[in-house]
Amino acid sequence: MIETFETIRFTADVVVTTTDGHVLLIERGWDPYKGAWALPGGHVDPGETSLAAAARELAEEAGVHAAQAELEPVGVFDQPDRDPRGRYVTVAYHLTVSPRTTVEAGDDAVRAEWWPVTDLPPLAFDHADIIAAATSR
């Protein structure tokens, strides 16, 4: 029997919601899905936990600073076809903030905006599923 191994990349995403029913989305500045709306998130760096990566990516992409202890786990999303670049496994986290929380796009995000959870644009990857999982709790 020949064994085959798949390269798997590890990422973290954050669902940030306000107490009045909005969710934070960023407009992607890079492919895949350049110009599409997505959750803040990205690759877990070597030596970093997914929790640390989630907090870092949230600050880098949207200007929202949160302590790791404030981020609540939502789940692991590992469908083989969730990313067109290959196999990506993400750990998603949730953060609830005040409606007055300001956001500012940075890093590879072109824009960062609040959207009503009930009226979202088409989303990149499986981010609609991740938002649904976070907001159904």
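## Helix H1 and its surroundings

The buried residues of helix H1 pack against five strands: E1 (8–18), E2 (22–28), E4 (41–43), E6 (87–97) and E7 (109–116). This is a predicted model.

Which residues of H1 are buried? They are Ser50, Ala52, Ala53, Ala54, Ala55, Glu57, Leu58, Glu61 and Ala62. An α-helix has 3.6 residues a turn, so residues three or four places apart point the same way.

H1 covers residues 50–62, which makes 13 residues. At 1.5 Å a residue, H1 should span 18 Å. The C-alpha atoms at its ends are 17 Å apart, which agrees. Just after H1 comes glycine 63. Its phi is positive, near 70°.

**The whole chain**

The chain has 2 helices and 7 strands. Along the sequence they follow the pattern β-β-β-β-α-β-β-β-α.

How does the radius of gyration of the chain agree with that of a compact globule? For 137 residues, such a globule would have a radius near 14 Å. The chain has 15 Å, which agrees. Along the principal axes, the C-alpha atoms fill a box of roughly 60 × 30 × 30 Å.

Of the 137 residues, 46% count as buried. Now take the contacts with a separation of 6 or more. Residues 24 or more positions apart account for 68% of them. The chain exposes about 7400 Å², and carbon and sulfur atoms supply 52% of that area.

Charge comes next. The chain has 10 positive and 23 negative side chains. The centres of the two sets lie 2 Å apart.

**Residues in the loops**

Four loop residues are set out below, with their relative accessibility.

| Residue | Relative accessibility | Class |
|---|---|---|
| Valine 117 | 27% | partly exposed |
| Glycine 106 | 19% | buried |
| Tyrosine 33 | 36% | partly exposed |
| Phenylalanine 125 | 16% | buried |

Why does glycine 106 count as buried? Its relative accessibility is 19%, and buried means under 20%.

Valine 117 sits in the loop between E7 and helix H2 (127–135). Valine 23 is 94 residues away along the chain, yet the C-alpha atoms of the two are separated by 5.8 Å. Leaving aside neighbours within four places in sequence, valine 117 is in contact with Gly21, His22, Val23 and Thr135.

Glycine 106 belongs to the loop between E6 and E7. What does glycine 106 touch, not counting residues up to four places away in sequence? It touches Glu60 and Glu61. Glu61 is also one of the buried residues of H1. Glycine 106 and glutamate 48 are 58 residues apart in sequence, and their C-alpha atoms are 21 Å apart in space.

**Backbone exceptions**

Most residues other than glycine have a negative phi, and most peptide bonds are trans. Some places in this chain depart from that pattern.

The peptide bond from aspartate 31 to proline 32 is cis, with omega near 0°. Proline 32 is in the loop between E2 and strand E3 (37–38).

Tyrosine 33 lies in the loop between E2 and E3. It is not a glycine, but its phi is positive, near 65°.

Phenylalanine 125 is not a glycine either, and has a positive phi of about 55°. Phenylalanine 125 lies in the loop between E7 and H2.

Conventions
Residues are numbered from 1 along each chain as its sequence is written. This is a predicted model: local features need pLDDT of at least 70, side-chain atom pairs count only at pLDDT 80 or more; totals for chains, interfaces and linings use all residues. Side-chain values use heavy atoms; hydrogens and water are left out. Helices (H or I, at least four residues) and strands (E, at least two) are DSSP runs, numbered from the N terminus. The expected span of a helix is 1.5 Å times one less than its number of residues. Buried means under 20% relative accessible area, exposed over 50%, partly exposed in between (1.4 Å probe, protein chains only). Contact means heavy atoms within 4.5 Å. The radius of gyration is taken over C-alpha atoms; the globule rule is 2.2 Å times the number of residues to the power 0.38. Accessible areas come from the Shrake-Rupley method with a 1.4 Å probe; for residues, only the protein chains shown count as cover. Lys and Arg count as positive and Asp and Glu as negative; His and the chain ends are not counted. The place of a charge is taken as NZ of Lys, CZ of Arg, CG of Asp or CD of Glu.
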